[in-house]
Amino acid sequence: MKMKTALAATVLAILLTGTTSAQVETGQDSLIGSWAGTLVIGRDSFDLSFNLTQQADSYGAALISRQLGIYGMPAESVKLTNNRITIRLDMLGAEYTGRLRMNESGSEIAFIDGEWFQEGEMVPIILRPSEN
């Protein structure tokens with residue numbers, strides 16, 4: 001009975017966190033580093049870059065946008081669930097949500113296909129690995 005309870009608790013913990021060792025094996029460790037894209041709002045465009053780091057069991061992110069005068073604004077939270085990432089920037093009232101898209105071999109992340117949400121607006125933006 002104790003073993004069933006322990007097994008059920010483990011399965012529940014995995015389901016609640018959305019993280020498994022299989023995810024790391026499928027390239028989510030390639031998430032660490034700089035990811036850049038262009039945010040287009042009307043006739044204006046802004047280059048954005050997220051520097052993603054891993055800190056023990058969690059991720060961190062910092063936003064860079066030279067056009068907006070932002071040089072390393074820390075994200076309040078970074079959540080990775082299955083192949084989805086959510087980065088919250090409370091100082092801007094903004095959130096980026098994207099799906100990790102793997103390369104053909106499935107060994108690493110090729111790009112992040114996502115949306116920038118701010119002030120009730122949603123703008124699509126694709127992030128690709130960059131050298132910052």
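Does aspartate 90 count as buried, exposed or partly exposed, and at what relative accessibility? Aspartate 90 counts as partly exposed, because its relative accessibility is 41% and the partly exposed class lies between 20% and 50%. The model is a predicted one.

**Overall make-up**

The protein chain has 132 residues, and 31% of them are buried. Its elements are 2 helices and 9 strands. Along the sequence they follow the pattern α-α-β-β-β-β-β-β-β-β-β. The protein chain exposes about 8400 Å². Carbon and sulfur atoms supply 55% of that area. Among contacts with a separation of 6 or more, 34% involve residues 24 or more positions apart.

**The sheet**

The 9 strands form an open sheet with antiparallel pairing. Their order is β4-β3-β2-β1-β9-β8-β7-β6-β5. The edges are β4 (70-74) and β5 (77-81). Each has a single partner strand, so one side of each is left without a neighbour in the sheet. On average, neighbouring strands of this sheet are turned by 25° against each other, direction ignored.

**Strand β1 and its partner β9**

Strand β1 covers residues 33-41 and includes glycine 33. It pairs with strand β9 (residues 121-130) in the antiparallel sense, over 3 bridges. Within this pairing, tryptophan 35 stands opposite proline 129 in β9.

Which residues does glycine 33 touch, not counting those up to four places away in sequence? They are Phe50, Asn51 and Leu52. Glycine 33 is also 7.9 Å from serine 130, C-alpha to C-alpha, although 97 residues separate the two in sequence. Glycine 33 has a relative accessible area of 25%, so it is partly exposed.

**Strands β6, β7 and β8**

Strand β6 (residues 84-89) and β7 run antiparallel and are joined by 6 bridges. Leucine 89 has alanine 94 in β7 as its bridge partner. The hairpin of β6 and β7 has 4 residues between the strands. There, glycine 93 takes a positive phi near 65°.

On to the next pair. β7 and β8 also run antiparallel, and 9 bridges join them. Alanine 94 appears here too: its bridge partner in β8 is glutamine 118. This hairpin has 6 residues between its strands. Glycine 106 in the turn has a positive phi of about 75°.

**Salt bridges**

Side chains of opposite charge can pair when their charged atoms come close. How many salt bridges does the count give? The count comes to 2 salt bridges. The table gives the closest N and O distance for each pair.

| Acidic residue | Basic residue | Closest N and O atoms |
|---|---|---|
| aspartate 90 | arginine 88 | 2.5 Å |
| aspartate 113 | arginine 101 | 3.9 Å |

The pair of aspartate 113 and arginine 101 forms a salt bridge, with its closest N and O atoms 3.9 Å apart. That pair links distant parts of the chain, with their positions 12 residues apart in sequence numbering: aspartate 113 is in strand β8 (residues 109-118), arginine 101 in strand β7 (residues 94-102).

How accessible are the partners? Arginine 88 has a relative accessible area of 37%, so it is partly exposed. Its partner aspartate 90 is partly exposed at 41%. In the other pair, aspartate 113 is partly exposed, with a relative accessible area of 31%. Arginine 101 counts as partly exposed at 33% relative accessibility.

Key
Residues numbered from 1 in each chain as written. Predicted model: local features only at pLDDT ≥ 70, side-chain atom pairs only at ≥ 80, totals over all residues. Heavy atoms only, no water. Buried < 20%, exposed > 50% of the residue type's maximum accessible area, 1.4 Å probe, protein only. Contact = heavy atoms within 4.5 Å. Areas by Shrake-Rupley, 256 points an atom, 1.4 Å probe, with all protein chains shown as cover. Pairing = 2+ DSSP bridges. Axes fitted to C-alpha atoms, helices over the stretch in contact; angles between N-to-C directions. Salt bridge = Lys/Arg side-chain N within 4 Å of Asp/Glu carboxyl O.
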